[in-house]
Amino acid sequence: MTTADIIQAQAGSIADSPLSVAGKTLASRLILGTGKYDTNELMRDSLAASGSDCVTVAVRREKLYDRQGKNLLDFIDLKKYTLLPNTAGCFNALDAVRVARLGREILRSLENPGADWVKLEVLGDTKTLLPDPIATLEACKRLVDDGFQVLCYTSDCPIMAVRLKDAGAASVMPAGSPIGSGQGILNPNNLRIILEYLKSDDPGYPVIVDAGVGTASDVAQAFELGADGVLLNTAIAHARNPVGMATAVRHAAIAGRHAFLSGRIPKRLYATASSPEEGLITSRPW
Amino acid sequence: MSTVTIEFNGNEEEVDEATTILDLLERSGVEPRYCAVEVNLEIVPRSHYASQCVKEGDRIEVVTLVGGG
């Protein structure tokens, strides 16, 4: 046993390797969004409470005339966090590629390790925010050709997940349910199939559940099913107490991941007694 | 000295023809390290900010990072 193993054994914990995406290792399996917080200070404290070391950001027009002085980046420790720029708000492949390149340009000047990473999302409509699968696949191919490490938001369709992995996505990120809906994981069976298909001959391939998380148990469920990571934003930012929810989510990630590694029992239709059948002093009515 | 008309983050503006990208950023109080600049859909390399002057009809976009999921 190594020292680390002994420490883990004493803590009642189990050995696990960290999340690795595109050759980069992350300390936490949680990726947090930075949107929708009431204040930047609340965002900063929530990120810290979650234990995450990778956060998503969006690319938007600089406000030239009503600037309030502070930039989001004044509240994010660039030495601690890998930034994952997204293509949120894009509804076609060309826009997504354009936005991804602009995000990369900014991150390069910040010398952040996330510079060639992009969270690709190409949406189909504004009501559901569900991905446009055809445009997503096209944008994924273009970005991979352009040297990006594409972490690709997609629906929970297993066939689409396979297509995106084949197109070179560094990680496929299926939605549990629509973005910001808080409905949790609506189709755990699809997620199971995605995990089986993408990992059957490539067990280290990272599958990250992105979108739909409503509370800590949704995070635990994703990890129990075998997801490698969970990306969430609204569940924390819009919780009554965001820092409290970030703490709960950190524990849920550990609980779910450990449960997965420890192996759950199969579900059975009928009961199995936990106390011995032998030595009973009681009679049965049949 | 003559002026040129540009579109700067969606707003039409008349500026001196000797205006550089860096002049535009400084005038707007933008931190260049936190932004990327596109002229007519082409990203302008950071090393060109101080030398590249605006031209008539240029469509200039300055973007930064904001909170997002």
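**Two chains, one shared pairing of strands**

With 286 residues, chain A would be expected to have a radius of gyration near 19 Å if it were a compact globule, and the value of 21 Å agrees with that. This is a predicted model, so everything below is computed from predicted coordinates. Taken along the principal axes, the C-alpha atoms of chain A fill a box of roughly 85 × 40 × 40 Å. Chain A holds nine helices and ten strands, and 45% of its 286 residues come out as buried. Among the contacts in chain A with a separation of 6 or more, 64% are between residues 24 or more positions apart.

Chain B can be put through the same set of checks. For its 69 residues, the compact-globule rule gives a radius of gyration near 11 Å, and chain B has 12 Å, which agrees. Its C-alpha atoms take up a box of roughly 45 × 25 × 20 Å along the principal axes. The secondary structure here amounts to one helix and five strands, laid out along the sequence as β-β-α-β-β-β. Buried residues account for 22% of the 69 in chain B. Of the contacts in chain B with a separation of 6 or more, 57% link residues 24 or more positions apart.

Next comes the place where the chains meet. Chain A puts 29 residues into the contact, and chain B puts in 21 residues. On the chain B side, the elements giving two or more residues are strand 3 (35-39) and strand 5 (59-67). Strand 5 of chain B gives the most, with seven residues. By residue type, the side of chain B that touches chain A splits into nine nonpolar, seven polar and five charged. Strand 5 of chain B also pairs with strand 4 (residues 54-61) of chain A, in the antiparallel sense and over five bridges. Within this pairing, Val59(A) has Leu65(B), in strand 5 of chain B, as its bridge partner.

Back in chain A, helix 9 (residues 242-262) is worth a look. At 1.5 Å a residue, its 21 residues should span 30 Å, and the end C-alpha atoms are indeed 30 Å apart, so the two values agree. The buried residues of helix 9 of chain A are Pro242(A), Met245(A), Ala246(A), Ala248(A), Val249(A), Ala252(A), Ala253(A), Gly256(A) and Arg257(A). Because these cover an arc of only 165° around the axis, they sit on the same side of helix 9 of chain A. What covers them includes several elements of chain A: strand 3 (30-33), helix 2 (40-50), helix 7 (216-225), strand 10 (229-232) and helix 8 (234-237). Just after helix 9 of chain A comes Gly263(A), with a positive phi near 85°.

Leu261(A) also belongs to helix 9 of chain A. With 14 other C-beta atoms within 10 Å, Leu261(A) counts as partly exposed, because burial would take 20 or more. Setting aside neighbours within four places in sequence, Leu261(A) is in contact with Ile14(A) and Asp16(A). The C-alpha atoms of Leu261(A) and Leu19(A) are separated by 14 Å, with their positions 242 residues apart along the chain.

Notes
Residues numbered from 1 in each chain as written. Chains lettered and ligands numbered in written order. Predicted model: local features only at pLDDT ≥ 70, side-chain atom pairs only at ≥ 80, totals over all residues. Contact = placed C-beta atoms within 7 Å. Helix = DSSP H or I, 4+ residues; strand = E, 2+ residues; numbered from the N terminus. Nonpolar A, V, L, I, M, F, W, Y, C, P; charged D, E, K, R; others polar. Pairing = 2+ DSSP bridges. Rg over C-alpha atoms; globule rule 2.2 N^0.38 Å. Buried ≥ 20, exposed ≤ 12 C-beta atoms within 10 Å, placed from the backbone. Expected span 1.5 Å × (residues − 1). Arc of directions from axis to C-beta.
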